Amino acid sequence: YSSSDISDHISVTVRDALNQALDEELERDERVFLLGEEVAQYDGAYKVSRGLWKKYGDKRIIDTPITEMGFAGIAVGAAMAGLRPICEFMTFNFSMQAIDQVINSAAKTYYMSAGLQPVPIVFRGPNGASAGVAAQHSQCFAAWYGHCPGLKVVSPWSAEDAKGLLKSAIRDDNPVVFLENELMYGVPFEMSEEAQSKDFLLPIGKAKIERQGNHVTLVSHSRMVSLCLDAAAVLAKEGIECEVINMRTIRPLDAEAIETSVMKTNHLITVEGGWPQFGVGAEILARIMEGPAFNFLDAPAVRVTGVDIPMPYAKILEDNSIPQIKDIIFSVKKTLNV
Amino acid sequence: DRVLLTGVINISVPVRSVCVCLCFHVTGARVVVSARTYADFTPQATFDIKKCDLHKLEEGPPLQAVLTREEGLQYYRTMQTIRRMELKADQLYKQKIIRGFCHLYDGQEACAVGIETGINLSDHLITAYRAHGYTLTRGGTVREIMAELTGRRGGIAKGKGGSMHMYTKHFYGGNGIVGAQVPLGAGVALACKYLGNNEICVCLYGDGAANQGQIFETYNMASLWKLPCIFICENNKYGMGTSVERAAASTDYYKRGDFIPGLRLDGMDVLCVREATKFAAEHCRSGKGPILMELQTYRYHGHSMSDPGVSYRTREEIQEVRSKSDPISMLKDRMLSNNMASVEELKEIDVEVRKEIEDAAQFATTDPEPPLDDLCNHIFYNDPPMEVRGTNPWTKLKSVS
């Protein structure tokens, strides 16, 4: 999925893009450091931090014991005292152990102190379903963190997203929750020459239109963007042109981009891996109801989500617990009444 | 007020005599008993202080403390200011001018004052919600503390934080979630070590918080990474309404750091606290890693203003501490019996403090509340202005950094 002129494009996996972002930001600002389980000598549980410990050493790349609440709190304290920590959760499932530090110590502090105490921290790690890791290791936290004022919540899809958004997150003076996706780590993308530069930044809070279309708007984030594009390719053969929006950021949500698209296509479907109740899609639909795009809808806006159950283990069950391409195609046709 | 004065005056003469005897025994300073001019005051005296209980330490802080007249007057003034400020807060709360949670520090003044005299303002400190005293010792003014309690725009957090969320330079609050401040404090210490600035972080928690898992996680990492962190447990014997015996399998809080060396000391004696803090600060600055101090102290008020504080302890117990161990009385006695100050001089300080508190209370009750425009500000730092949804879809509010 390349964007423009392909002559200077190279193929980069999401993992390598994240690695580049980390490397560049560590080099650029001495106050930046990375801590988490296995980030240093193991090269990262998912190899995202490969090579960094060798290059930057113990001071900047810190292996922690398996004590999330403790090390997340330590990271927040370090941010309060002037450093710029990147706190890795091996998966966001484990962030629940530390969620008090993310919300009560990081997110709310600038407000409670009326502007005296900023907290420039990034919490990053894989989020959402993986493959065969079952219920306790498969939850999507986009809605949980997206709920809280004081946080920015980012969910990249492509390699370009990963690099540009992670760099922006690290340079942001506020707490950013950066939701990666394990199944995307190994996926290669074309990266433009611009995206390869050390100063390549993507703005937090701005969605991207990955594919233009006139008949229906598909809004998605992270891995589900791939499925939307695949569904769009199939539907195009039947003459249905989908506009696929890659949210890139969960909070602040780029409602304007979605509204503009809906006012053009008159149909909206959100696609996410997380559970339906009180989720990302639920928020988008509520905003569309409350905003100028409502009057442009020719059919109710609907959500395609993960099934409302804990994630099962067996492959056939797992496959049927998250949206598949056929579910998106089915929902588009229902919405368009074709 | 009246009760307090009675308590102060009520120190019995025999105690004073004993005190004088002890002091004369150890002091090498000149003592002039007859004339009462300022020139005749003892410039400094040496006092015996109680030995600390030690854990994994070969030696502890010194058994004597030198107090100069200037220091004594300063400690007295600051402790008295905290005492009066907290009592005024009690009054304002009962008048419903202060709302919500209000956790008062009266009785524990020697801890905040003693600790601050053992470190520098350039060092760092973080505590839990019983934080008004620390906000003062860390550079806040009584005015802005009281105005924060009353929720006014002149408050130290512009009225947006309240009692539990006050901040100053190198003072990270004021934290409402029990125990959460401990990893934060270790993180501040990590930053000190990382930046190589020779600063340390004092990280406080109570006897109730001392059983929190995240504190043990912090002990582990602080010790592994040799963070310059002084962990201090203010043991006031009760975690809300639960006595230490009912909450902790081991009430030797100074030993609970296990591999971290610890001291247990009298938290009602400002000199004890000072010497122990100096000792601990030196330990951290020399790169030895964290150290733990347990201060045995007492709060006269209940857990908060909603707690009368007498359902789980007796009035007799409270009165006994007031009459025998009050930190301000202890200092006052020492100074008077060593001719380091006069009764009149200390009374004059009391009058000045009272005036400062009255002025601050006046400000705190007349300053206007924050403007509604400020409602959505301070969500993000260094960000362009943004819109925040109001209570309904048509209300869009403005937020600036």
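**Exercise 1. Find what share of the residues in chain A is buried, and describe the overall build of this chain.**

Solution. Begin with burial: in this predicted model, buried residues make up 60% of the 338 residues in chain A. Next, take the secondary structure, where chain A has 13 helices and 14 strands. The radius of gyration of chain A is 20 Å, close to the 20 Å that the globule rule gives for 338 residues, so chain A is as compact as a globular protein of that length. For the outer dimensions, the C-alpha trace of chain A spans about 60 × 45 × 45 Å along its principal axes. Finally, look at how the chain meets itself: among contacts in chain A between residues at least 6 apart in sequence, 81% join residues at least 24 apart.

**Exercise 2. Decide whether A:F123 is buried or exposed, and list what it touches.**

Solution. First locate the residue, which is found in strand β5 (residues 122-126) of chain A. Its relative accessibility is 0%, and because the cut-off for a buried residue is under 20%, A:F123 counts as buried. Then turn to the surroundings: with neighbours within four places in sequence left aside, A:F123 is in contact with A:A72, A:V76, A:C87, A:F89, A:F92, A:V102, A:A106, A:V176, A:V177 and A:F178. One of these partners, A:A72, stands 51 residues away from A:F123 along the chain, while their C-alpha atoms are separated by 8.5 Å.

**Exercise 3. Work out whether A:Q212 is buried or exposed, and do the same for A:D161.**

Solution. Start with A:Q212, which lies in the loop between β9 (208-211) and β10 (216-220) of chain A. Its relative accessibility is 60%, and since exposed means over 50%, A:Q212 counts as exposed. Not counting residues up to four places away in sequence, A:Q212 touches A:C242, A:E243 and A:K264. As for distance, A:Q212 and A:G186 are 26 residues apart in sequence and 26 Å apart in space, C-alpha to C-alpha.

Now take A:D161, which belongs to helix α7 (residues 159-171) of chain A. With a relative accessibility of 0%, A:D161 counts as buried. Beyond its neighbours within four places in sequence, A:D161 is in contact with A:P156, A:L166, A:L202, A:N246 and A:R248.

**Exercise 4. Describe how chain A and chain B meet, beginning with the number of residues that each gives to the contact.**

Solution. Count the participants before anything else: chain A gives 44 residues to the contact and chain B gives 36 residues. The area buried between chain A and chain B is about 3,500 Å², and carbon and sulfur atoms give 68% of that area. On the side of chain A, the residues that lose the most area to chain B are A:I74, A:Y111 and A:M112, together 19% of what that side buries.

The next step concerns polar and charged pairs. Across the interface of chain A and chain B the rule finds 2 salt bridges, and B:R389 forms a salt bridge with A:E290, with the closest N and O atoms 2.5 Å apart. The count of residue pairs in polar contact between the two chains, both residues at pLDDT 80 or more, is 16.

The last step assigns the side of chain A that touches chain B to its elements. Those that give two or more residues are β2 (32-36), α2 (52-60), β3 (61-63), α3 (68-80), α4 (99-107) and α5 (109-112) of chain A, and the largest share, 10 residues, comes from α3(A). By character, the residues of this side divide into 19 nonpolar, 14 polar and 11 charged.

Definitions and conventions. Residues numbered from 1 in each chain as written. Chains lettered and ligands numbered in written order. Predicted model: local features only at pLDDT ≥ 70, side-chain atom pairs only at ≥ 80, totals over all residues. Heavy atoms only, no water. Contact = heavy atoms within 4.5 Å. Buried area = accessible area lost by both parts, 1.4 Å probe. Salt bridge = Lys/Arg side-chain N within 4 Å of Asp/Glu carboxyl O. Polar contact = N/O pair within 3.5 Å; in protein donor to acceptor, adjacent residues only side chain to side chain. Helix = DSSP H or I, 4+ residues; strand = E, 2+ residues; numbered from the N terminus. Nonpolar A, V, L, I, M, F, W, Y, C, P; charged D, E, K, R; others polar. Rg over C-alpha atoms; globule rule 2.2 N^0.38 Å. Buried < 20%, exposed > 50% of the residue type's maximum accessible area, 1.4 Å probe, protein only.
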